[in-house]
Amino acid sequence: MSPYEAILLTIITASTPLLLAAIGELVVERSGVLNLGIEGMMVMGAVCGFAAAHVTGSAWLGVIAATFAGIATSLLFGLLTQTLMTNQVATGLAITLLGLGLSGLIGSGFVGLPGVKLANVSIPWLSDLPYVGRLIFGQDPLVYVSIALTAGVAYTLNHTRMGLIIRAVGQNHASAHNLGYRVVAVRYACIAFGGATSGLAGAYLSLVYTPQWIENMTAGRGWIALALVVFSTWIPGRLAAGAYLFGGVWILGLYAQGMGVGIPSQLLSSLPYVATILALVIISTNRRLSLINTPASLGQGFVPDR
Amino acid sequence: MNKLRKHLELNVQLILEKRPQSSGLMNLFSPLLAIVLTVVVGGLIFAAMGKPPLTALYLYFIDPLTSWWSVEEVLVKAGPLVLIGVGLAVCFKANVWNIGAEGQLTVGALMGAIIPILWGEWQSPLALLAMLCLGALGGALFALIPAWLKTHFGVNEILTSLMLVYIAQLLLDWFVRGPWKDPNGYNFPKSVSFEGWHLLPMWGDGRMHFGLIVSLVAALVLFWIMRHTLKGFEINVVGSAPRAGTFAGFSQTKMVWFCFALSGGLAGLAGLIEVAGPIGQLQPQISPNYGFTAIIVAFLGRLNPLGVIFAGILLAISYIGGEGIQIELGISSKITQMFQGMLLFFILMCDTLILYQLKWISTKPNQPTSGHAS
Amino acid sequence: MLNKSNNNAPMTLLQVTNISKKFGDFYANDNLNLSIETGKVHALLGENGAGKSTLVKMMYGALQPTSGSIFWQGQETLIASPAHARELGIGMVFQHFSLFEALTVAENISLALPVQLRQGDLSQRIADLSLDYGLPLNPAALVADLSVGERQRIEIVRCLLQQPKLLIMDEPTAVLTPQEAQALFSTLRRLVEEGCAVLYISHRLEEVKQICHDATILRHGKLVAEVDPKVETAATLAQLMVGSSVHQVSRDANGEIGEVLLSLSHLYQTSSAPFGVDLVDVNLQVKSGEILAIAGVAGNGQGELFSVISGEERNPQQHFISLLGQVSDGLNINQRRLLGAAFVPEERMGHGAVEHLSLTNNILLSRHACNDEGSSLDRGWFGIDRRQLAQLNKAISINYDVRKSREDDVAGSLSGGNLQKFVVGRELNRKPKVLVINQPTWGVDAGAAALIRQAVIDLSRQGSAILIISQDLDEIFELADTIAVISRGQLSPSYAASELSREKIGLMMAGSHEQTAQAFGA
């Protein structure tokens, strides 16, 4: 394997958890809900995924457990914001704090234990192709899941009835209600989907990226995923591009550190965060770009008249 | 199929009905209820972990208050929480979301440490005053970055202020491992120890310090401002009805700057007080997440500076209690963070009780009385 | 039900018996009875707050009655949801449209259709049907780019695609020019000829007399009369609606017209809102003693114009606006108030007043920097002068008849009419030299409207310059000395009120004065 291939491979590995978490949040926000709790759902997915895989020995069971952990955490968020009408920003923060604490508690017994790595797909012959073989046909399965999910979300939002309803609910929940759509139910479903992908993203960290459990191992990736959604102007294709770009920045920093470039390691480690801020500034200066897709009722709770 | 659907529709449903006026009693009751719920669920979690729930709860919430030593410890922890919490309470009231107090705290500590580290020989009360001012200034300036990005480019302040936390922590890490490392410190990542007038006046067992008075004064002053002055009125209006705020001639932009400067300044001051007080030097870790815990303090205190004092003390207990049960029962200190998250969770939930009342209604339209319904 | 009834013979389509709807302790509808027949336009009349919207929402399944029943084609029916209502054949055009700005016309319509009607080429069917009924629509257009009249067409077309038996229209002409209203009436006439029934909600009596066959009149949630609108006069209908004879606004001969107190010259302003309207070359002058009214269909730049004149939106580099002879573009709203100007925005809740604040705090909202009657209300660190505020509150309540249950109630507990009297009174009590008021009586009861209009006239007779922005032509003719019309951000020249007819204003509302429409259309 050439060094370039290796770099590209690691970029994909670094980008996939961002893409997974962000594609779910994109759907959540399209339905008009702002869930700032990605970090919390992700870290819950990571710890539950690791624990299940460690106990059963099956990485796939870990993936499933992580997905359900993400869903369960997101439904807590749904219960508060959709049924009890709490402030979405504050509730998202609560989910993050709760997730980080609870995951630490659950994971305290798993620190330092060996993990189970999700095996890479290996298609005979195809994955042996020179240059592109490993890159396209020999990734771990969740990479394909993330790409399929992105394509699926893009298709669903733009070409299906379900997508139209999600967009309508996010645009104007009062009108959607008047037409007889169940705003809260649609939003619950979207929130649960966001929880599932965040859980998957967490599983990716603890079962593929670094197959072990480390406290706070999400390291702000949930927040970067949130920024990616804004950056993408709520368009899935752009989101995927953004995720790979960010993965690239992340890996660049790591490689530079590894090669002992004469730059303080702290500066390189801060690259993803600086890049996030820069990306947000760039996208915000061009408001027209995001106007049409911005869900008009983003972050507002919906209480129907009775 | 249709019949089944009809049958389901005959069910009752729990709904929220807006109260005609926010209920005064609930304003006090809701945080209490949140605490009770946290304690109950906490007990269940202890039980699930196979620990004696009552003992654990006692160790967690009561034991820290049974000795003067630990009460002092609680107050020392409450100091920064209250100082940061009152600033955030004003922010959140104005609907400005500064989530990056942890970073502002870090930069405040770094700025204030310039004097003991670079001008170590300057020993005078003025040096301490200058440190306090630099700490506040550092936090405020660092907080103005997200304020500027928001007002100038329209960038969401939640994400930027949070990203800056990571950057600030890496900055501190670089300083204590690089240029500001104590040359005689056996290569540990620490700065020189502060001495003399570079440390806050202490009393009690030597842990109670001047910073506690700063916190108390800040809370009282902000209480007065919020309650009685036009500035407080402005904060309230801009936060709850932005268009009416514009109509009143209150500038949203200036409000964002004001809130970030204030809360950042207080967070920076808290950071300086930590390093010039209990810690006494710079090191890679200077705060056990005070900046994030203060978010909970602000909400638990109902965004009211007086309430924040009590909330700060409660959250400080959770830190000390967490350490206590870690030693006594061998439970991970992560339990503290979980309790804190849970508390915020329940406060938000109970806040619903202030605005709404829960009601069971029948979703079934009234049963026709005449009896010939289809 | 089994035999298809002859379309021409009227039969009872929908009947409501003894229906009531309670919100908390308040009866929005109290024991109402109503029956609607095929082939007729049935008017539902009443003042704002009489309970019309509540009643139709129950017919459309958006609300459930507290007691009473609804019979559909003779069968007692629980209309469980709007979808169920549409299945039955009930269509509704809402007053506040239920449209999605960032979706296309076709997507908007598709969202409201049941699955069997979405098959095939929906866009083609929309284009065909809309043309057939004289309501032309481009299915691919984005709703955000359409005028209010066109948006209403979407709502109507999406009802018609379902071939409704009953079409409910809630105040449909409130947002139309007189010409657009006439076009709508011909569509309605054709619909009833085809056997459809129409329930027509309005408080505009002339148009009810023009197109309706029956009329039911509500007052305070109760049914007060069922009449034949063709034989009643507008005055008798009004009396039934209001319950007493309506107080007529009195206007002496025109007051003395003096110097120019407010002028805009060549004002351009790009809107900062996502789907806002840009103001293009706006010129106007209001003199002392003059009331200038700006007519226009909602969403043509009225809000943008108001915020530019009030200073909520500023453009300090320019010299467009002059207040009392002083260039004011760089001044903020409080500096403009200090010059002697006062402003009343369109939205009373959330803009002119804050729901959860007390009335005295709401006075503070617009008075904290400019209390012309006494000393400053803001005493810095010593807090706010609450005693003066209480006195102001008392004065405003007495002078403008603000009714409330407690002296210093929260704004949210006042009725719409009383809150509007408070918001207007708060400004008028200052005796401003220039008053700018957007939709002075939108959605308030007749009594409050008369009081507000009278107070505005009285102020102008004392030598103030008054600019009114309104959609209500009746109000404009009642108040204005001069009239201008705004359309797509452009303002027509001002004409003396006596020179203009409704028809002429209608043409101007539709944009006949926009010579440069092509250049700025996009």
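These legends walk through close-up views of a predicted model.

**View 1. Let's start with chain B as a whole.**
Chain B is built from 15 helices and four strands. Of its 374 residues, 53% are buried. Now look at which parts of the chain touch each other: among contacts in chain B between residues at least 6 apart in sequence, 79% join residues at least 24 apart.

**View 2. Here is the place where chains A and B meet.**
Each partner chips in: 39 residues come from chain B and 39 residues from chain A. On the chain B side, the elements giving two or more residues are strand 1 (12–18), helix 7 (125–153), helix 8 (157–177), helix 13 (290–300) and helix 15 (334–355) of chain B. Which element of chain B gives the largest share of the side that touches chain A? That would be helix 15 of chain B, with 13 residues. Sort this side of chain B by class and you get 27 nonpolar, nine polar and three charged residues.

**View 3. Chain A also touches chain C.**
This contact takes twelve residues from chain A and 16 residues from chain C. On the chain A side, helix 7 (161–171) and helix 8 (173–178) of chain A each hand over at least two residues. Helix 7 of chain A has the largest share of that side, four residues. By class, the side of chain A that touches chain C splits into six nonpolar, five polar and one charged residues.

**View 4. Zoom in on helix 3 of chain C.**
Is helix 3 of chain C largely enclosed or left open by the rest of the structure? It is largely enclosed, because seven of its eight residues (the helix spans 105–112) are buried. The buried ones are C:Val105, C:Ala106, C:Asn108, C:Ile109, C:Ser110, C:Leu111 and C:Ala112. And what covers them? The cover includes helix 7 of chain A, along with helix 4 (122–132) and helix 5 (148–160) of chain C. You've met helix 7 of chain A already, as the element with the largest share of the chain A side that touches chain C.

**View 5. Two helices cross inside chain A.**
Find helix 3 (residues 59–83) and helix 9 (residues 183–209) of chain A: their axes come within 6 Å and cross at roughly 140°. Helix 3 and helix 9 of chain A are therefore oblique to each other. Their crossing is right-handed. The residues in this helix 3 to helix 9 contact of chain A are 16 nonpolar, twelve polar and one charged.

**View 6. Now for a sheet in chain C.**
Six strands of chain C make an open sheet with mixed pairing, in the order 6-7-8-3-9-10. At the edges sit strand 6 (90–93) and strand 10 (222–227) of chain C, each pairing on one side only. From one strand to the next, the twist averages 20°. Follow strand 7 (residues 166–170) and strand 8 (residues 197–202) of chain C, and you'll find them paired in the parallel sense over five bridges. To see a bridge up close, look for C:Met169, whose partner in strand 8 of chain C is C:Tyr200.

**View 7. Helices pack against that sheet.**
Helix 1 (residues 52–59) of chain C packs on the sheet and touches strand 3 (41–45), strand 6, strand 7, strand 8 and strand 9 (214–219) of chain C. The direction of helix 1 of chain C makes about 150° with that of strand 7 of chain C. Helix 6 (residues 178–193) of chain C lies across strand 3, strand 7 and strand 8 of chain C. Compared with strand 8 of chain C, helix 6 of chain C runs at about 145°.

Note on methods:
Residues numbered from 1 in each chain as written. Chains lettered and ligands numbered in written order. Predicted model: local features only at pLDDT ≥ 70, side-chain atom pairs only at ≥ 80, totals over all residues. Contact = placed C-beta atoms within 7 Å. Nonpolar A, V, L, I, M, F, W, Y, C, P; charged D, E, K, R; others polar. Buried ≥ 20, exposed ≤ 12 C-beta atoms within 10 Å, placed from the backbone. Axes fitted to C-alpha atoms, helices over the stretch in contact; angles between N-to-C directions. Parallel < 35°, antiparallel > 145°, perpendicular 65-115°, else oblique. Left-handed = near helix turned anticlockwise from the far one by under 90°. Pairing = 2+ DSSP bridges.
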